[in-house]
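Q: Please take a close look at one part of this structure and describe how it packs. Then set that part in its wider surroundings.

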Amino acid sequence: MNPVLDTARTDTQTDHVALLMDSMDATKDSTARAAQDTMLTPRFYTTDFKAMDALDVTPVRAEWDKMMAEYEGDNNQDHFKRDAAFAEELKVLVPQLSPELRKEFLDFLISSCTSEFSGCILYNEIRKNISNPDIKQLMAYMARDESRHAGFINQSLKDFGLGIDLGALRKTKAYTYFKPKYIFYATYLSEKIGYARYITIFRQLERHPDKRFHPIFRWFERWCNDEFRHGESFALMMRAQPHLLTGVNKLWIRFFILAVYATMYVRDHTRPMLHEAMGFESTEYDYAVFRITSDICRQVFPVEVDIDHPVFRRCMDRLLAISLENDRARERGGMVGAVQRASCAVRAFFTFGRLYLVPVIQRELPKDIRLEPVW
Ligand SMILES: [Fe+2]
Ligand SMILES: [Fe+2]
């Protein structure tokens, strides 16, 4: 039973219809929100399938086969099902959410579901358009995992009458084309940062169970191991193509790390209540996630951004301030709003440029590529 709608339930037929209509409107609304493309919302990607088809994993064959056996073992097969306690916890916890926390939590669920589904679509499209057996099999496993993840979050959105129509989203949301090289950098980062985000939340709530305001967080530990393994797959694919990790490509790697970190920092700071409810402060949470991600990325990236550099920290805060100013200008609208937004864009560009110039730490790549999710 839907605990949110249930509190408002009456026995008349008309009210049922009204509730159903509301819930359909809400689904349209959350699907429309998921379909939006801004600097901060998760996107859908497509790529050059021919180049993906030509990928040769021979240089990392031993580690590859071990990883594929793990996928085949599918140790999370039974994980994405609700247990008996889930509904009970929902009934107790959901009515206690303040309206602000509820709004930020739902925003978090919509953006997480979109981003899980984005992975599902990309991996599935690659699988359908190639014949290379190694990559095809990998993409099938990863799409399987992401579809479970998206479905599980969507179930929680449905409790609030806000389920996303994933079929409609697949058709209506815009797709961004990325060269395979950029897909490798960006997707590797997003998988590993996804792991770092989920495990940081899980560990925090393990220490403070009283702050676990929704049962879905209990699922994060085994869940994030899937994300970790997806990241491992991209690490192996990149290490099989060493040219992606040398020369001018190091500049691209630096760019992608900073772009992913900055986007996360700005977006997370729009949800202060969510972090506070978990006993975090958004900045503290983000730096914990950056630190784990940076540690992991040493398996494949020859450069590491210096997250403790004072200029790095200052630029992150400045990007956040500019983004908030940009939101206010958008709300204001009109000629003045447009001029203010243009000024924000210019300042964001230069601030990102300054961030890019913060010296990076050079790293020697380890001989053994694979890592264990031990954080
Ligand atoms: Fe996922
Ligand atoms: Fe993933």
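A: **Helix α11 and its partners**

Helices α11 and α14 are oblique to each other, because an angle is called roughly parallel under 35 degrees, roughly antiparallel over 145, roughly perpendicular from 65 to 115, and oblique otherwise. This is a predicted model, in which local features need pLDDT of at least 70 and side-chain atom pairs count only at pLDDT 80 or more, while totals for chains, interfaces and linings use all residues. Residues are numbered from 1 along each chain as its sequence is written, and chains are lettered from A and ligands numbered from 1 in the order in which they are written.

Helices (H or I, at least four residues) and strands (E, at least two) are DSSP runs, numbered from the N terminus. Two packed helices are described by the angle between their axes and the distance between the axes. Axes are lines fitted to C-alpha atoms, for helices over the stretch in contact, and angles run from 0 to 180 degrees between N-to-C directions.

The axes of α11 and α14 (residues 310–332) cross at roughly 55° and come within 9 Å. Their crossing is right-handed, a term used when the near helix is turned clockwise from the far one by less than a right angle; an anticlockwise turn is left-handed. On the α11 side, Ala-262, Tyr-265 and Val-266 make the contact, and on the α14 side Met-316, Leu-319, Leu-320 and Ser-323 do. Contact here means that the C-beta atoms of two residues, placed from the backbone, lie within 7 Å.

α11 (residues 249–268) also packs with α15 (residues 334–356), at an angle of about 125° and with 10 Å between the axes. These two helices are therefore oblique as well, and α11 passes α15 in a right-handed crossing. Arg-254, Phe-255, Leu-258 and Ala-262 of α11 meet Phe-352, Leu-355 and Tyr-356 of α15. Ala-262 thus has a part in the α15 contact and in the α14 contact. An α-helix has 3.6 residues a turn, so residues three or four places apart point the same way.

Val-266 also gives a distance to another region: its C-alpha atom lies 27 Å from that of Asp-210, 56 residues apart in sequence. Asp-210 belongs to the loop between α9 (180–207) and α10. Asp-210 is exposed, because 7 other C-beta atoms lie within 10 Å (12 or fewer is exposed, 20 or more is buried, in between is partly exposed, with C-beta atoms placed from the backbone).

After that loop, α10 has 18 of its 20 residues buried. At 1.5 Å a residue, the 20 residues of α10 (residues 220–239) should span 28 Å, and its end C-alpha atoms are 28 Å apart, which agrees; the expected span is 1.5 Å times one less than the number of residues.

The protein chain as a whole has 15 helices and 4 strands. Its C-alpha atoms fill a box of roughly 70 × 55 × 40 Å along the principal axes. For 375 residues a compact globule would have a radius of gyration near 21 Å, and the chain has 21 Å, which agrees; the radius is taken over C-alpha atoms, and the globule rule is 2.2 Å times the number of residues to the power 0.38. Buried residues make up 34% of the 375. Among contacts between residues at least 6 apart in sequence, 82% join residues at least 24 apart.
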